[in-house]
Amino acid sequence: MSLPCSDQSIRPRKMQSASLPRGVEAVRCWCGDVCKVKEVTDFSDWLGMKFFMCANYESDPPESISAYVRPPSPPPLCMYYRWIDTEMPDWAVTEIRERGCRAWASLDLEERREKAEAEEKAEQKKEWEDYCVEQRAFIDEMIRKNQEEKLRLEEVYRQREQAREAERERKREMARAVKAAQEAGDGKGKYPRWTQ
């Protein structure tokens, strides 16, 4: 068992009540009262180690408002504490090792998940870019075909208009010829000479 420690910077902050180990006698703190035994629950280099600490509080502990919300305890009166264990118990060493393995496994899993997400995003981006290229090519092809169809229709309409205009001109010429023949006729018959 170690000597009383006054270095409060390394005094455990997270702890729980524990039983006095077999073969260890209770000690008194600087207040003169019997110390209480605590066990470190903080995930640190002292996990599972037991120590003595002052049983008196600097002030009255606050009352708990519910079973789930427990206010922090006030500091001990004389800040006395003494380590009972000089090294971590085997279960604590195993727990730290297992937590470390779980942490590394979790980190590796997270890295693989992030890598898979990045690859999936890259694949989705590539698929989107390919789709955009295909759509652009499809739209360009449709524009080209529409332009060709427009030019073809314009040519068809132009030819039809020319044919209609030529037909109109032919009919105008025929009407002028009939009119001229009628005016030049002697008017003797019932019908114009060109119809007899």
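A nonpolar core, as I use the term this morning, is a set of buried Ala, Val, Leu, Ile, Met, Phe, Trp, Tyr and Cys residues joined through side-chain atoms within 4.5 Å. Buried, in turn, stands for under 20% relative accessible area. The structure above is a predicted model, and I shall begin with its cores.

In this model, the largest nonpolar core has nine residues. Its members are V27, C29, C35, V37, F52, C54, C78, Y80 and I84. Within that group, C29 touches C35, C54, C78 and Y80, once residues up to four places away in sequence are set aside. There is also a second, separate core, which has six residues, among them V40, M49, F51 and W83. As general background, nonpolar side chains in soluble globular proteins tend to be buried together. For the chain as a whole, buried residues make up 15% of the 196 residues.

Let me turn to the secondary structure. The chain contains one helix and four strands, and from the N terminus on the elements run β-β-β-β-α. The four strands form an open sheet in the order β1-β2-β3-β4, with antiparallel pairing. At the edges are β1, residues 15-17, and β4, residues 81-83, each of which pairs on one side only. Neighbouring strands of this sheet are turned against each other by 35 degrees on average, with direction ignored.

I shall now go through the pairings in sheet order. Three bridges join β1 to β2, and these two strands run antiparallel. Here Q16 has E39 in β2 as its bridge partner. Between β2 and β3 the pairing is again in the antiparallel sense and extends over four bridges, with K36 standing opposite M53 in β3. Strand β3, residues 50-53, is joined to β4 by three bridges, and the two run antiparallel. Across that last pairing, F51 stands opposite W83, and F52 stands opposite R82. F52 belongs to the largest nonpolar core, whereas F51 and W83 are included in the second core.

How much of β2 is buried? Five of the five residues of β2 are buried, so this strand is largely enclosed by the rest of the structure. In a regular strand, side chains alternate between the two faces of the sheet. On one side of β2 are K36, K38 and V40, and on the other are V37 and E39, all of them buried, so that both faces are covered. Strand β3 likewise has both faces covered: K50 and F52 on one side and F51 and M53 on the other are all buried.

V37 deserves a closer look. This residue is found in strand β2 and is a member of the largest nonpolar core. V37 counts as buried because its relative accessibility is 11%, and the limit is under 20%. Leaving aside neighbours within four places in sequence, V37 is in contact with Q16, S17, A18, S19, L20, K50, F51, F52 and I84. The C-alpha atoms of V37 and Y81 are separated by 9.6 Å, although the two residues are 44 residues apart along the chain. Over the chain, residues 24 or more positions apart account for 56% of the contacts with a separation of 6 or more.

Next, the pocket. The largest pocket has a volume of about 470 Å³. Which of the residues that line the largest pocket are the closest to its centre? Of the 20 lining residues, these are M15, K38, Y57, P72 and S73. Strands β1 and β2 each supply at least two residues of the lining, and the largest share, three residues, comes from β1.

One backbone detail remains, and it concerns M79. Where is M79 placed? M79 lies in the loop between β3 and β4. Most residues other than glycine have a negative phi. M79, which is not a glycine, has a positive phi of about 60 degrees. M79 is partly exposed, because its relative accessible area is 24%, and the partly exposed class runs from 20% to 50%.

To close, I return to the sheet and the cores. The sheet is open, with four strands in the order β1-β2-β3-β4. V37 and F52 belong to the nine-residue core, and V40 and F51 to the second, separate one.

Terms used. Residues numbered from 1 in each chain as written. Predicted model: local features only at pLDDT ≥ 70, side-chain atom pairs only at ≥ 80, totals over all residues. Heavy atoms only, no water. Buried < 20%, exposed > 50% of the residue type's maximum accessible area, 1.4 Å probe, protein only. Contact = heavy atoms within 4.5 Å. Pairing = 2+ DSSP bridges. Axes fitted to C-alpha atoms, helices over the stretch in contact; angles between N-to-C directions. 1 Å grid on protein atoms, 1.4 Å probe; cavity = no way out; pocket = protein on both sides within 12 Å on 5 of 7 lines; lining within 4 Å. Points joined across faces, edges and corners; volume = space filled by probe spheres on them.
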